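User: I'd like to go through one helix and its surroundings. Could you take a look with me?

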Amino acid sequence: MTWTVTPERFDSPAASALRRDYYDEVASRYWRRPATSEEIADGLDGDGADLLIPPTGQFVVGRYGAEAAGCAGLVLTEAAEPGSAELTRVYVRPAFRGTGGGGALLAAVEEAARAYGVRLLRLDTRHDLVEALGLYAKHGYREVPSFHRRNPYAERWFAKEL
């Protein structure tokens, strides 16, 4: 079986389910307990996903075979820093980890970023998201000093020149 990654609206049924699973996992890990449905809904409400559509960004869904198994987003940050964008909401469902999906998602977002003229792709993450830390290091992202304070949960920052 192989991965296919294609642009998809952030609010499609598959994308919405993946975004919910993503938030459930990161919130549950942060709180060290299962997140409630209300907490997940609150986290998704007004989370800025509306920026994940052209001309301000893009959202991609990765499928392993026919099953929606992962997602990633791109948000253009041209106003803050010309030629830059942020990688966000990178997620592979646990059952599909280790199958190459993370790399496929990153490649798709990097390709989209280049098409927008982005030269620097940045992201923030947390210490406890060890799978993400390994994925970014494996694919050429280097740790950099904090580049913003918008995300109160961010603990580590990475960047990659495209």
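The questions below stay with one helix and what packs around it.

User: How far does α1 reach from its first C-alpha to its last?

Analyst: Keep in mind that this is a predicted model. Helix α1 runs over residues 13-31, which gives 19 residues. At 1.5 Å a residue you'd expect 27 Å, and the helix comes close to that, reaching 27 Å.

User: Is A15 of α1 buried or exposed?

Analyst: A15 is found in helix α1. Leaving out residues up to four places away in sequence, A15 touches E8, R9, F10, F59 and V61. Its relative accessible area is 0%, and the cut-off for buried is under 20%, so A15 counts as buried.

User: What covers the buried residues of α1?

Analyst: The buried set of α1 is A14, A15, L18, R19, Y23, E25, V26, A27 and S28. Their cover includes a helix and strands: α2 (37-44), β2 (57-64), β3 (67-76) and β4 (84-92).

User: Are α1 and α2 roughly parallel or roughly perpendicular?

Analyst: The two helices, α1 and α2, pack with their axes 10 Å apart, at an angle of about 115°. Angles of 65 to 115 degrees fall in one class, so α1 is, relative to α2, roughly perpendicular.

User: Which residues of α2 make the contact with α1?

Analyst: The crossing of α1 and α2 is right-handed. On the α1 side, the contact uses R19, R20, Y23, D24 and W31. The α2 side supplies S37, E39, I40, G43 and L44.

Conventions:
Residues are numbered from 1 along each chain as its sequence is written. This is a predicted model: local features need pLDDT of at least 70, side-chain atom pairs count only at pLDDT 80 or more; totals for chains, interfaces and linings use all residues. Side-chain values use heavy atoms; hydrogens and water are left out. Helices (H or I, at least four residues) and strands (E, at least two) are DSSP runs, numbered from the N terminus. The expected span of a helix is 1.5 Å times one less than its number of residues. Buried means under 20% relative accessible area, exposed over 50%, partly exposed in between (1.4 Å probe, protein chains only). Contact means heavy atoms within 4.5 Å. Axes are lines fitted to C-alpha atoms, for helices over the stretch in contact, and angles run from 0 to 180 degrees between N-to-C directions. Angles under 35 degrees count as roughly parallel, over 145 as roughly antiparallel, 65 to 115 as roughly perpendicular and the rest as oblique. A crossing is left-handed if the near helix is turned anticlockwise from the far one by less than a right angle, and right-handed if clockwise.
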